[in-house]
Amino acid sequence: MTTGAQNLKIAVLDDYQGIAETVDWSPVPRPIDLLAIREHLDPADELVARLADREVVVAMRERTPIDADLLSRLPSLKLLVTTGPFNAAIDVAAAHRLGITVCGTGGAITPTVELTWALIHALQRNLLVEDAAVRDGRWQQTVGFDLAGATLGLVGLGRIGRLVAAVGRAYGMRVTAWSPHLTAERAAEEQVELCDRRGLFETADVVSIHMALAESTRGLVGRAELAAMKPTAVLVNTSRGGLIDEPALIEALRARRIRGAGLDVYGQEPLPAGHPLAALTNTVLTPHLGYVTQRCMSVFYRDIVDDIAHYCAGTPRRLVTI
């Protein structure tokens, strides 16, 4: 990478693992000036200052909200690339009004399925407690919970939910599902039992959430749903933090009204230091790792470079529309 007046100035947001510096950018036909921002910056004055001269900004999923106000403060921005084919944290309509091209990338859903099951296993077999015990010289502190014969309740049976269901069936679990528009026919296609919303929470031993976040689904899992769950049941969320009423969940976990929760997503990300969830002993917490695997990142960056190359050629592709 070289510097100079004709360089294409690119910024990559939230590059926590430092991947952007290892990527082959040579397909981009212009010399590039790469700014890889490894820390999270809130969309305020510091971020605006860092991005002020950038013609291209790459958003890593929904880690940084990019709204109309932020976009209006970036006069040099001409191309906004998001990892994945869409991004709810970007005001695409505002970008288009400002003449900013928005492009996406491919991705992979199986990493999120795999992480969902990692969280379920950690909760069912008390892996964090037992790992800490072994390191401290103690042996067999807990009794685990079986998956075979248990009930897996899925809130959402879309692309990810149906793959989670298939694994549950392979373990010999009864699998139930609910979502606002799920039909009995669709559930039957996936060999899943359609439940009403309350019935799912009442009967499941493991509840796993696989829904898109929208105003209609925000706080979908609240006090009523948590109160309906068995005290031995666990809740897993690898979708979006806003789907759960977080204060209600913290209250339920503190009171041991449910056995535990495995969370990869939160109402505020990164999770602030000293957050109440981090102080609880019946949680397994991961930092939004659902899509963070070598294969998925390879797809992201392959398409990021390709998007930028086609933008430079005047033939943008993978356009994100409203």
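Here is an informal walk through the fold, the main pocket and a handful of residues worth a look.

**The chain as a whole**

Keep in mind that this is a predicted model. The chain carries 11 helices and 12 strands. Its C-alpha trace spans about 65 × 50 × 35 Å along the principal axes. The radius of gyration is 22 Å, and for 322 residues a compact globule would come out near 20 Å, so the two agree.

How much of the chain counts as buried? The share is 51% of the 322 residues. Then there is the question of who touches whom: of the contacts with a separation of 6 or more, 63% are between residues 24 or more positions apart. On the outside, the accessible surface comes to about 14900 Å², and carbon and sulfur atoms account for 54% of that.

**The largest pocket**

Rolling a probe the size of a water molecule over the atoms shows where empty space is left. In this model, the largest pocket holds about 1300 Å³ of space. It is lined by 44 residues, and the closest to its centre are Arg-61, Glu-62, Ser-239, Arg-240 and His-288. By type, the lining divides into 17 nonpolar, 18 polar and 9 charged residues.

**Two buried loop residues**

Ala-89 sits in the loop between β4 (79-82) and α3 (92-97). Is Ala-89 buried or exposed? Its relative accessibility is 18%, and because buried means under 20%, Ala-89 counts as buried. Setting aside neighbours within four places in sequence, Ala-89 is in contact with Glu-62, Thr-64, Pro-65 and Ile-66. Glu-62 also turned up above, among the residues closest to the centre of the largest pocket.

Thr-286 is the other one, found in the loop between β12 (283-285) and α11 (294-312). With a relative accessible area of 15%, Thr-286 is buried too. Which residues does Thr-286 touch, not counting those up to four places away in sequence? They are Leu-115, Leu-119, Leu-263, Asp-264 and Tyr-266. One of these, Leu-119, gives a handy ruler across the model: the C-alpha atoms of Ala-89 and Leu-119 are separated by 25 Å, with their positions 30 residues apart along the chain.

**Backbone oddities**

Most residues other than glycine have a negative phi, and most peptide bonds are trans. A few spots here go the other way, and the table lists them.

| Site | Backbone feature | Value |
|---|---|---|
| Gln-140 | positive phi | about 50 degrees |
| Arg-256 | positive phi | about 60 degrees |
| Glu-269 and Pro-270 | cis peptide bond, omega | about -5 degrees |

Where do they sit? Gln-140 belongs to the loop between α5 (127-135) and β6 (151-155), and Arg-256 to the loop between α10 (246-254) and β11. Pro-270 is in the loop between β11 (260-263) and β12.

The two residues with positive phi also have their accessibility worked out. Gln-140 counts as exposed, at 68% relative accessibility. Arg-256 comes in at 48%, so it counts as partly exposed; the exposed label needs over 50%.

Definitions and conventions
Residues are numbered from 1 along each chain as its sequence is written. This is a predicted model: local features need pLDDT of at least 70, side-chain atom pairs count only at pLDDT 80 or more; totals for chains, interfaces and linings use all residues. Side-chain values use heavy atoms; hydrogens and water are left out. On a 1 Å grid over the protein atoms alone, a cavity is a set of points where a 1.4 Å probe fits but cannot get out, and a pocket is an open set with protein on both sides within 12 Å along at least five of seven lines; lining residues have an atom within 4 Å of a point. Grid points are joined across faces, edges and corners, and a volume is the space filled by probe spheres set on the points. Ala, Val, Leu, Ile, Met, Phe, Trp, Tyr, Cys and Pro count as nonpolar, Asp, Glu, Lys and Arg as charged, and the others, Gly among them, as polar. Helices (H or I, at least four residues) and strands (E, at least two) are DSSP runs, numbered from the N terminus. The radius of gyration is taken over C-alpha atoms; the globule rule is 2.2 Å times the number of residues to the power 0.38. Buried means under 20% relative accessible area, exposed over 50%, partly exposed in between (1.4 Å probe, protein chains only). Contact means heavy atoms within 4.5 Å. Accessible areas come from the Shrake-Rupley method with a 1.4 Å probe; for residues, only the protein chains shown count as cover.
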